[in-house]
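Biologist: Can you go through this structure with me? I would like to start with single residues and then move on to the surface.

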Amino acid sequence: MTFFLQMLSNGIVVGSIYGLVALGFVLIYRASGALNLANGEFVLFGPYICLVLLTSYKVPFYIAIIITLIVSAILGLIVERLVVRPLQHAPAISVIMATLGLANLLGGAIHMIWGHGTKIFPPVFPQTPIQFGGVIVTPVYLWSFVIVIVLLIVFTIFFKYSKIGLAMRAVADDQGAAQSVGMSVKFVYAVTWSIAAMVAAIGGVLLGNISGVSPVMSTIGLTVLPVVILGGLDSVAGAIIGGFLIGIVQNIAGGYLDPLVGGGLKEVVPFIIVLLILMVKPHGLFGSKGIERV
């Protein structure tokens, strides 16, 4: 039972980070109807920037986070302006292929600048493990979970009550109607990509503190994709819930089944879950059903 609770607690923390990163996927899909296949590179870009600030310039962690978010937001603006905006009226597949090319470009740049090895964050959180009953939780896991929950609450309030959040929801529901009442779709697109880049950066920094930073971390883009599909491509709540579900099941499967099969099943389990769910609910657990007149 102790081992199960340990895997469960780790899965909850990792799942919360999955949900945060998946939020960027959902925002961009709701705005443009396309998937951002460069999301994994956005996740990777943030922790490298933060790590450079911490190690090379000795910047305090909270200031490094703020600078990382600013740089990530600028990256999102650049991508939206140079890659996405020219394809605004193109088919969604064109945007998807453009983000795939962007992923290769960013991935190559990251390899050239920071190399291929794993880099470790300097100690940011307390190092003494905390014990809850028989479950041992390291502070980096606990703090990461708390930070993610706070951010998810903040983003939920932002989307529901702020003017920009309402504009993003309006554009996602009906671009034509939003434009007819004076909303700038281009501005909303730019804000959406900036927020998606910042969300990915935060998730990357938290994961980097847990397991180090290496180019392999970009594979989280593929891991989070089942999260988004499971929850529903256009559902913010679905992304969060899907993140928790995938994180928990993935860690439990890794703890119990990987030793039996020699490893590797942990990475496959999310896709198996999504396949089974989609056979019953093709739009995901919380996705909207599209109705077309033919």
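Biologist: Is Ile-110 buried or exposed?

Modeller: This is a predicted model, and in it Ile-110 is buried, with a relative accessible area of 2%. The cut-off for buried is under 20%, so Ile-110 counts as buried.

Biologist: Which helix is Ile-110 found in?

Modeller: Ile-110 is part of helix α4, which covers residues 92-114.

Biologist: And what is Ile-110 in contact with, leaving aside its neighbours within four places in sequence?

Modeller: With those neighbours set aside, Ile-110 is in contact with Glu-41, Leu-44, Phe-45, Tyr-48 and Gly-115. Take Tyr-48: 62 residues separate it from Ile-110 in sequence, while in space the two are 8.5 Å apart, C-alpha to C-alpha.

Biologist: Change of topic. How many salt bridges does the count come to?

Modeller: The count comes to 1 salt bridge. Arg-85 forms it with Glu-80, and the closest N and O atoms are 3.2 Å apart.

Biologist: Are those two buried or exposed, Glu-80 to begin with?

Modeller: Glu-80 has a relative accessible area of 1%, so it is buried. Arg-85 is partly exposed, with a relative accessible area of 23%.

Biologist: Where does Glu-80 lie, and what does it touch?

Modeller: Glu-80 lies in helix α3, residues 61-84. Not counting residues up to four places away in sequence, Glu-80 touches Arg-85, Pro-86, Lys-186, Tyr-189, Ala-190 and Trp-193.

Biologist: On to the surface. Which residues make the nonpolar patch?

Modeller: Met-1, Phe-3, Phe-4, Leu-5, Tyr-256, Leu-257, Leu-260 and Val-261 make a nonpolar surface patch of about 810 Å². The elements that give two or more residues to this patch are α1 (2-32) and α11 (258-261). The largest share, 3 residues, comes from α1.

Biologist: What about Phe-3, which helix is that in?

Modeller: Phe-3 is found in helix α1. Its relative accessible area is 41%, so Phe-3 is partly exposed.

Biologist: Last topic, pockets. What is the volume of the largest pocket?

Modeller: The largest pocket has a volume of about 620 Å³. It is lined by 21 residues, and the closest to its centre are Tyr-18, Leu-207, Ser-211, Thr-219 and Thr-223.

Biologist: Which elements give two or more residues to that lining?

Modeller: Those elements are α1, α8 (185-211), α9 (220-231), α10 (236-256) and α12 (265-280). Helix α1 also gives residues to the nonpolar patch.

Key. Residues are numbered from 1 along each chain as its sequence is written. This is a predicted model: local features need pLDDT of at least 70, side-chain atom pairs count only at pLDDT 80 or more; totals for chains, interfaces and linings use all residues. Side-chain values use heavy atoms; hydrogens and water are left out. Patches are made of residues with over 30% relative accessible area and no salt bridge: like charges are joined within 9 Å, nonpolar side chains (Val, Leu, Ile, Met, Phe, Trp, Tyr) within 5 Å. Accessible areas come from the Shrake-Rupley method with a 1.4 Å probe; for residues, only the protein chains shown count as cover. A salt bridge is a side-chain nitrogen of Lys or Arg within 4 Å of a carboxyl oxygen of Asp or Glu. Helices (H or I, at least four residues) and strands (E, at least two) are DSSP runs, numbered from the N terminus. Buried means under 20% relative accessible area, exposed over 50%, partly exposed in between (1.4 Å probe, protein chains only). Contact means heavy atoms within 4.5 Å. On a 1 Å grid over the protein atoms alone, a cavity is a set of points where a 1.4 Å probe fits but cannot get out, and a pocket is an open set with protein on both sides within 12 Å along at least five of seven lines; lining residues have an atom within 4 Å of a point. Grid points are joined across faces, edges and corners, and a volume is the space filled by probe spheres set on the points.
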